[in-house]
Amino acid sequence: MDPRGTVLIIDDEESILEVIDEYLSERGFATATAATGEAARSLVAERSFDVALVDLKLPDTDGLDLVEEISRRRPETRCVIMTGFASMESTIEALRLNVFDYVIKPFQMVKIAEVVEAAVDHVVMKRTGAKLISQLEQANRRLEKSKNDLSVRILRANEELGEANESLKRHVTRLKMLYQMGRDISSNEDWSDSLDRFLMALCRYLGADGAGLLLFSGGGSSLKVRASYQLEVEWIAGAVETLAGTQRSDELMTEVFSLESCREGSPSSCAGRKKAWSDTSIPLLYKGVWLGFLLVRKLYRSRKAYLNDYHFLTTIQTILTEEVANAVNISRLRHLKDFNETILENINSGVLTTDRDGRIVFLNSRAREVLGRDGATEHFDVFFENPYGQGSLFDRLAGGEERNATIEGALVREGGWRVPVRLSTTVVETDDYHGRTVVAVFEDLTAQRAMEEELRRADRLRSLGELSAGVAHEIRNPLTGIATTAQVLRERLAGDGENVKYITVILDEIKRLDDIIRNLLTFARPTQPRPAAVSLAEVIESALALVADDAAGSGVAVSFESEIEDDSCLLDRDQVKQVILNIAMNGVQACDRGGALSVRLAEAPDRAFVAVTVADTGEGIGPEAADKLYNPFFTTRPEGTGLGLSISRKIVEAHGGRLFHESEQGRGTTFYIELPRRLAVSAAAGNG
């Protein structure tokens, strides 16, 4: 690495020399040291330095004398005086010798570095300036030498330009008009303004009285006026009729012809016409397809007068034919593009395309929605995990032999959220420059997976319900016999207090078993809702009244708030009350000692439903339990049966509603119950 600059340090104190030398060397300067004036003179004689740090008091010479000698021998070196004995005389002498700066001992090393950096910058600036001045002087000499040659060339070029200018002026108007016409028609989807300007310019250039453009539509079956300038409506209508009739008789010419010859019954080329004419028709024919005609109203008294405009008119014919054909194709492409974009933006699948490097270049609205952001310019692999293992999924798809692939994997959204997707890809290879790109169509499988899981859950619950009903029936018969026998024993042992106590325990446990069996049967064969007009707020309040004592005993505050004016619904009062009671009791038990249980009644997003929210401030539900929460016999409490939430969900679903929850460990759990206001009407009708 090149040094920042060269520095000579002159001081008779060895410790100062070492410190300054080490400090400046660490900052990138190339340094040399001298403890005497003689040693300094030897170093200055050998090579040049950018900066010299000179101690004012040296054992063998005066520092100012040494500065004067260095300045005389090396004018480019900037000298800095270091002294602890500054005086007015020494300061004046230093200024006389053009010393760069003056540093008083004891000094700070930072100050020394700042002075040295400033001195080096000064030297570099001066050196650069001198070099630039030398280069400018050389350039000026070369410029002066070239000046005379250039003057001669300019004079000769002016003469040639003068000759060419006259010719150029004759063509500039024509070229400007042709250029403007092509640009307007090519770039403007709405031709009206551009065609009007073109016809106006054409008439001015030719000195014509008017012009018009007729185009075929409906696959060439109909000829219509597209634009006109200074042509009477009756005249142009007659021209349309004449040209349409000539086309039907298959007598149209591909060369420029006179409209008068068509009216005379024998279309003829203007280049071969001998009589005067005023209406010229320029046919527009593209690859055997008739596009239309350009009409020009200008009186040509002879064939010779027409030939002056012949080349211009044939050029107009060529350009206008190409532009009209292009405009028709562009219009079709635009309609097709709009149609394709409409489809892409409205399909329920995400669509994206990449460049050859895997960067995303296009996303439809569904893709942006699933990705969670506009991922344009980001790499394909950022969003899609590779189900094949390590490496780039894009490289595997683009580099494989198969052009089409369908895989199921995961899409990774911001924050690491994974979304299951089905990804269908096609490799497209357009040319060597664009390389192989990928077009991907992907579907969010979240709802499908949830539906599949729900179907599996329903199937498991149905099987479990059938099994539970059978088991409950088989258990209940012997349980009845045990209960009857225990009751008889208790009556016979009425005087034996010790034995009666055990019999009572047996009967209590039999009752608990009977409650479990009753819940099993309710789960296996839930009772159909019997809807009736009820006040949902009253149902909730009556359920909360049943948990009030338990809540008070656990120090849990219970609150209820209704946000709707009309809370009347057609529901099964007892079943809905059971749902609220089950969830509220779970919330109270989750709070343990202290906390709060809040219940809120509000309108659901769908106005045909009402929403009941039951929130507690308990410990929350862990992720390992969230998926099993509604499974029968799953419980987090030793004394629970695990049937309460299973039965509650069945009741809600039987009403046509839904039950779900959100939970955060340590922050509590919220259950959401959505019930229809009037779905129960059909159930009532069915029961009747």
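**Figure 1. Phe560 stands opposite Val599 in β19.** The view comes from a predicted model. Strand β17 pairs with strand β19 (residues 596–603). The pairing is parallel and runs over 6 bridges. Helix α15 (residues 536–553) lies across β17, β19 and β20 (609–616). Helix α15 runs at about 175° to β17. Angles over 145 degrees count as roughly antiparallel, so α15 is roughly antiparallel to β17. Helix α16 (residues 573–591) also packs on the sheet. Helix α16 touches β19, β20, β21 and β22 (668–676). The direction of α16 makes about 20° with that of β20.

**Figure 2. An open sheet of 5 strands has mixed pairing.** The strand order is β17-β19-β20-β22-β21. Which strands form the edges? They are β17 (557–562) and β21 (658–664), and each pairs on one side only. Neighbouring strands of this sheet are turned by 15° against each other on average, with direction ignored.

**Figure 3. A second open sheet of 5 strands is antiparallel.** Its order reads β12-β11-β15-β14-β13. The edge strands are β12 (360–363) and β13, each with pairing on one side only. Here the average turn between neighbouring strands is 25°, direction ignored. Within the sheet, strand β11 (residues 350–354) runs antiparallel to strand β15 (residues 436–444). These two strands are joined by 4 bridges. Gly350 has Phe442 in β15 as its bridge partner.

**Figure 4. Strand β14 pairs with β13 and with β15.** The β13 and β14 pairing is antiparallel, over 9 bridges. Thr406 finds its bridge partner in β14, at Ser424. The pairing of β14 with β15 is antiparallel and spans 9 bridges. What is the bridge partner of Val421 in β15? The partner is Asp444. Val421 also belongs to the lining of the largest cavity.

**Figure 5. The largest cavity holds about 40 Å³ of space.** The structure has 3 cavities of 30 Å³ or more. Residues lining the largest cavity include Phe384, Glu385, Pro387 and Leu393. Ile407, Glu408, Gly409 and Ala410 are also among them, as are Val421 and Leu423. Two elements, β13 (404–412) and β14 (418–429), give two or more residues to this lining. The largest share comes from β13, with 4 residues. By class, the lining has 7 nonpolar, 1 polar and 2 charged residues.

**Figure 6. Helix α2 packs against helix α3.** Helix α2 covers residues 37–46, and helix α3 covers residues 63–73. Their axes lie 11 Å apart, at an angle of about 10°. That angle makes α2 roughly parallel to α3. On the α2 side, the contact residues are Gly37, Ala40, Arg41, Val44 and Ala45. These meet Leu66, Glu69, Ile70 and Arg73 in α3. The contact has 5 nonpolar, 1 polar and 3 charged residues.

Methods. Residues are numbered from 1 along each chain as its sequence is written. This is a predicted model: local features need pLDDT of at least 70, side-chain atom pairs count only at pLDDT 80 or more; totals for chains, interfaces and linings use all residues. Side-chain values use heavy atoms; hydrogens and water are left out. On a 1 Å grid over the protein atoms alone, a cavity is a set of points where a 1.4 Å probe fits but cannot get out, and a pocket is an open set with protein on both sides within 12 Å along at least five of seven lines; lining residues have an atom within 4 Å of a point. Grid points are joined across faces, edges and corners, and a volume is the space filled by probe spheres set on the points. Ala, Val, Leu, Ile, Met, Phe, Trp, Tyr, Cys and Pro count as nonpolar, Asp, Glu, Lys and Arg as charged, and the others, Gly among them, as polar. Two strands pair if DSSP finds at least two bridges between them. Axes are lines fitted to C-alpha atoms, for helices over the stretch in contact, and angles run from 0 to 180 degrees between N-to-C directions. Contact means heavy atoms within 4.5 Å. Angles under 35 degrees count as roughly parallel, over 145 as roughly antiparallel, 65 to 115 as roughly perpendicular and the rest as oblique.
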